[in-house]
Amino acid sequence: MIGTRGPLTQEIAFQALKDFFREKALVFFGTGLSCAIDERFGMATLAGVLLDQVPTLHLTEGQRQEWSTVEDTLKKGGDLESAMNHVLDQNLVEQITAIAGNFVSSINHENSLRIAEGQIEWPAAKLLKVLVDTLP
């Protein structure tokens, strides 16, 4: 039971979400904002990194087959998100996630330092300033 409302239902959960977003400001930034800072945040670059690094892993035959399907999809012009739907092996997913995380983290670290040192400006800084300055 949740408080005095009784069991959590879909209706109660949706109402709680509506109430939360009605009372709180929410700013959501997508990957496009990151790409404005550094194009290496884009999916095309990430696909290249994965195409370079995943084949160097010690993969089982099944994992190699799944990755081969990803490679074929990408070589035929498919996008990374769709291509990754062919990876079902959880261990391979974890290895790919680690490669992607390390890559994105390294770019993030590099650019965070540049932002902190004033070498570049975070594109959302002006937007956030306007939002904060207009709060009652």
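Helices here are DSSP runs of H or I with at least four residues, numbered from the N terminus. With that in hand, let us walk through this predicted model, starting at helix H1.

**Helix H1 and a nonpolar surface patch**

Helix H1 spans residues 10-23, and phenylalanine 14 lies in this helix. The side of the ring that meets the outside is worth a look: phenylalanine 14 has a relative accessible area of 45%, so it counts as partly exposed. Phenylalanine 14 also belongs to a nonpolar patch on the surface, together with Leu17, Phe20, Phe21, Leu26 and Phe28. Taken together, these residues offer about 690 Å² of accessible area.

**From H1 to H2, and across to alanine 124**

Moving along the chain, we come to the loop between H1 and helix H2 (31-37), where phenylalanine 29 lies. Its relative accessible area is 30%, which makes phenylalanine 29 partly exposed. Which residues does phenylalanine 29 touch, not counting residues up to four places away in sequence? They are Trp122, Ala124, Leu127 and Leu128. The contact with Ala124 joins residues 95 apart along the chain, and the C-alpha atoms of phenylalanine 29 and alanine 124 are separated by 8.4 Å.

**Helix H4 and its buried side**

Helix H4 takes in residues 61-75, 15 residues in total. From first C-alpha to last, H4 reaches 21 Å, close to the 21 Å expected at 1.5 Å a residue. Where do its buried residues sit around the axis? Gln63, Glu66, Trp67, Val70, Glu71 and Leu74 are the buried residues in H4. They cover an arc of only 145° around the axis, and therefore lie on the same side of H4. The cover over these buried residues includes helix H3 (43-53), helix H5 (80-83) and helix H6 (90-116). Just after H4 comes glycine 77, which takes a positive phi of about 95°.

**Three salt bridges**

Side chains of opposite charge can pair when their charged atoms come close. With a cut-off of 4 Å between a side-chain nitrogen of Lys or Arg and a carboxyl oxygen of Asp or Glu, the count comes to three salt bridges. Here they are side by side:

| Salt bridge | N to O distance |
|---|---|
| Arginine 22 and aspartate 19 | 3.0 Å |
| Arginine 64 and glutamate 61 | 3.1 Å |
| Lysine 129 and aspartate 133 | 2.7 Å |

The pair in H1 is arginine 22 and aspartate 19; they are three residues apart in that helix, so about one helical turn separates them. Arginine 22 is exposed, at a relative accessible area of 58%, whereas aspartate 19 is partly exposed at 22%.

H4 returns with arginine 64 and glutamate 61, which are three residues apart and therefore separated by about one helical turn. Arginine 64 is partly exposed, at 43% relative accessibility, and glutamate 61 is partly exposed as well, with a relative accessible area of 45%.

The remaining pair takes us to helix H7 (residues 124-133), where lysine 129 and aspartate 133 are four residues apart, so these two are also separated by about one helical turn. Are they buried or exposed? Lysine 129 is exposed, and aspartate 133 is exposed too.

Methods: Residues are numbered from 1 along each chain as its sequence is written. This is a predicted model: local features need pLDDT of at least 70, side-chain atom pairs count only at pLDDT 80 or more; totals for chains, interfaces and linings use all residues. Side-chain values use heavy atoms; hydrogens and water are left out. The expected span of a helix is 1.5 Å times one less than its number of residues. Buried means under 20% relative accessible area, exposed over 50%, partly exposed in between (1.4 Å probe, protein chains only). The arc is that of the directions from the helix axis to the C-beta atoms. Contact means heavy atoms within 4.5 Å. Patches are made of residues with over 30% relative accessible area and no salt bridge: like charges are joined within 9 Å, nonpolar side chains (Val, Leu, Ile, Met, Phe, Trp, Tyr) within 5 Å. Accessible areas come from the Shrake-Rupley method with a 1.4 Å probe; for residues, only the protein chains shown count as cover.
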